[in-house]
Amino acid sequence: MRKKMLWMGLSWLIAATLVLASCGPADSGEQEEEEEEEEEEEEEVVKEEGEPQYGGTLTMMFYGTTTEPTSWDPLRGNIGAIMDPYLEKLIVGDVLERGPRGTNEYAFDSYEWVPDEFAIGGLLESYEIRNDPLQLVFKVRQGITWTGREGVMEPREFTAYDVEYGLKRYQNDGVMGIRIKWIDTITATDKYTVVCDLNTYHAAWRYILCFGWGSQLLPKETVDAGPDDWRNAVGTGPFIMTDYTVGSSITYEKNPDYWGKTPINGKYYQMPFIDKLIFPIIVDESTRVAALRTGKLDLLNQCKLRYKDSLESSTPELVRIESLIVPTNRVNFLFEGGNSITAVEPFTDIRVRQAMAIAIDR
């Protein structure tokens, strides 16, 4: 608990409720025509109360895009979250049923951690731990499709063989593989089943394999084409990456064949709802806040408290969400493979660890 508290800080998630910034200003004539058309449409279509509407663009800024991406390979990249719109994970948090929109048992406000009791299958339909022999058994969700990309691969089904390939690539990686020495073999026993034979049990297996840093899986075709190039990116997620401009933005467009649905008021809707997602790359902090203030950003997270009063004064229509962000891997460099078990030099010396504890501004 002490390690977590070292890095716990209050973060403000601020969402603009204005018209999306992607819609530029129109001249007065065009605006009048658009308003008339909208009035006519409103007369013809009567939406049910609370029924969601599809379309639009969301421009959002989060901590990851305050720097330039170094790679689009989950095992190498410095910003894992930029891959989340198109690459999915084996296990996710049960946000819909047990988050703020459901029972509100858990806020799900930590990017890299899901407590075991709130974890459910993402790309997996189910998973279990067997004791004799000691194994992890994964059942892959059926009906999921890799989107494909011209020059890289045709769209095809996501299967257990993709999980086997992805986990073995992780296991054989010189940097990341040290984290899963507790796995002996990884085998797809059929099209939808993967069995991992273990030499010991690891309590953090869900985080390490299924939803933590670097756990997104790539198809073999992307690895063969070159995973560091965004033009080779292929995923199964709700979006497809369509553009990356260095120093400017990352753009994703709706995946029309996405498998996921979400319940709203007892009815299931196909996801995603928006047509386009944009992650601007803004290094300067004051520029990020100015973009939020002027409506160029729809959402900004982890805005520092010193901007709170001025934003509330200048832009009272902003919606503010207070959240405690608890990064889980900030001290992992102290340990071999980030597993918090085997310390490496110089942290094998308790005096060094004590000095680090004193030196850190808590």
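**Cysteines and internal cavities**

The structure, which is a predicted model, holds zero disulfides. C210 is accordingly unpaired, and the nearest cysteine sulfur, that of C196, lies 8.2 Å away, whereas a disulfide would require the two sulfur atoms to be within 2.5 Å. With a relative accessible area of 0%, C210 is classed as buried, and C303, at a relative accessible area of 5%, is likewise buried, because both values fall under the 20% limit for that class.

Empty space inside the protein was examined next. A search of the whole structure finds four cavities of 30 Å³ or more, and the largest of these has a volume of about 80 Å³. The lining of the largest cavity is drawn from several parts of the sequence, with D73, P74 and L75, then G166, R169 and Y170, and finally G214, S215, Q216, L217 and L218 contributing to it. By class, this lining of the largest cavity comprises five nonpolar, four polar and two charged residues.

The second largest cavity has a volume of about 50 Å³. Eleven residues line this second cavity, and those closest to its centre are P74, G80, W213, G214 and Q216. Of these, P74, G214 and Q216 also appear in the lining of the largest cavity. The lining of the second largest cavity divides into four nonpolar, five polar and two charged residues, and two charged residues are likewise counted in the lining of the largest cavity.

Key: Residues numbered from 1 in each chain as written. Predicted model: local features only at pLDDT ≥ 70, side-chain atom pairs only at ≥ 80, totals over all residues. Heavy atoms only, no water. 1 Å grid on protein atoms, 1.4 Å probe; cavity = no way out; pocket = protein on both sides within 12 Å on 5 of 7 lines; lining within 4 Å. Points joined across faces, edges and corners; volume = space filled by probe spheres on them. Nonpolar A, V, L, I, M, F, W, Y, C, P; charged D, E, K, R; others polar. Buried < 20%, exposed > 50% of the residue type's maximum accessible area, 1.4 Å probe, protein only.
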